[in-house]
Amino acid sequence: MTTAGDRELQHPRFARQYLKLAVQADRRGAAEHRRRLLAGLSGRVLEVGAGQGRNFPHYPAAVTEVVALEPDDTLREVAERKAASAPVGVAVVAGQAGLLPGEDGEFDAVVASLVLCSVADLTGALAEMARVLRPGGELRFYEHVRSTRAWAGRLEDLITPLWSRAGGGCHPNRDTETAIRAAGFTVTDVDAFGFSPSALMPNVRHVLGTAVRP
């Protein structure tokens, strides 16, 4: 149920479009990206911005519990249904990246998958992720980011205001890896590659990696 306090987190029109786009993206290679993102995880995991639960089938058996946070009502309703058939225990909860559930150091890993582009306060969200992670815990991230090509990066800067309004708060020009490092994480592994999630979308830069809380 949407309240006045979380109404700004609801993007029903975009959510309905994203339900279809995510299926296309997985068929074009995103499912393999998700598998790589989650490989080797164990213990208790907090997934921030779980969307409709496209990651759920890829969690390895060593994961004892997933707390899947999703603020959008439309996407969370679908995620709740997908959780029932997940290979590990998944609890889908409402909430936002700037105020994560959990005590300090409660989780062994935090997963951020195609969500850090859209959080309003990236610095605050990363600080919350560091807070709920145990020392040595991992942040697994899979995000589209600002192009390293000068002309493409400038174009992404130009379209961001309009794109963000139409795309559920998405910022195509975020340098997420740099923000993760600035938040105090140690990036231990990162793979950068171009990927087009849909035949109608251009090839854009993505990063998939692991960062550790000191």
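## Close-up views of the predicted model

**View 1. How confident is the prediction along the chain?** This model is predicted, and across the protein chain the pLDDT averages 92, with 95% of the residues scoring at least 70. Residues 1–5 call for some care, as their pLDDT is below 50. In the model, that stretch has six contacts beyond near neighbours in sequence.

**View 2. Helix α3, its buried residues and its N-terminal cap.** Helix α3 covers residues 122–132, and its buried residues are L122, A125, L126, E128, M129, A130 and V132. What lies over them? The cover for these buried residues includes strands β1 (43–48), β4 (107–113) and β5 (133–144), along with helix α5 (176–182). At the N-terminal end of α3, look for D121, which acts as the cap. One of its side-chain oxygens sits 3.4 Å from the backbone nitrogen of T123.

**View 3. D26 and its charged partners.** Here we turn to helix α1 (residues 12–38), where D26 is found. Is D26 buried or exposed? Its relative accessibility is 11%, and because the cut-off for buried is under 20%, D26 counts as buried. Setting aside neighbours within four places in sequence, D26 touches A31, R34 and R54. Two of these contacts, R34 and R54, also join D26 in a network of salt bridges.

**View 4. A buried glycine in a loop.** G53 belongs to the loop between β1 and β2 (63–69). With a relative accessible area of 2%, G53 is buried. Its contacts, leaving out neighbours within four places in sequence, are A79 and K82. For a sense of distance, you can also find V23 in this view: 30 residues separate V23 and G53 along the chain, and their C-alpha atoms are 11 Å apart.

**View 5. A salt bridge between strand β6 and helix α1.** As a reminder, side chains of opposite charge can pair when their charged atoms come close. The whole structure has 14 salt bridges, and the one shown here joins the side chains of D191 and R36, at 2.8 Å from N to O. D191 sits in strand β6 (residues 186–195) and R36 in helix α1, so this pair ties together parts that are 155 residues apart in sequence. D191 is partly exposed, at 30% relative accessible area. R36 is partly exposed too, at 33%.

**View 6. Salt bridges within single helices.** Let us start in helix α2 (residues 73–83), which holds both D73 and R76. These two residues form a salt bridge, with 2.7 Å between the closest N and O atoms. They are three residues apart, about one turn of the helix. R76 is buried, with a relative accessible area of 11%. Now move to helix α5, where R181 and E177 are four residues apart, or about one helical turn. Their side chains meet in a salt bridge of 2.8 Å, N to O. Which partner is buried and which is partly exposed? E177 counts as buried at 17% relative accessibility, while R181, at 43%, counts as partly exposed.

**View 7. A nonpolar patch on the surface.** W151, L155, L158, I159 and W163 make a nonpolar surface patch of about 550 Å². One of these residues, L155, lies in helix α4 (residues 150–166). L155 is partly exposed, with a relative accessible area of 44%.

Technical notes:
Residues numbered from 1 in each chain as written. Predicted model: local features only at pLDDT ≥ 70, side-chain atom pairs only at ≥ 80, totals over all residues. Heavy atoms only, no water. Buried < 20%, exposed > 50% of the residue type's maximum accessible area, 1.4 Å probe, protein only. Helix = DSSP H or I, 4+ residues; strand = E, 2+ residues; numbered from the N terminus. Contact = heavy atoms within 4.5 Å. Polar contact = N/O pair within 3.5 Å; in protein donor to acceptor, adjacent residues only side chain to side chain. pLDDT = per-residue confidence, 0-100. Patch = residues over 30% accessible without salt bridge, like charges linked within 9 Å, V, L, I, M, F, W, Y side chains within 5 Å. Areas by Shrake-Rupley, 256 points an atom, 1.4 Å probe, with all protein chains shown as cover. Salt bridge = Lys/Arg side-chain N within 4 Å of Asp/Glu carboxyl O.
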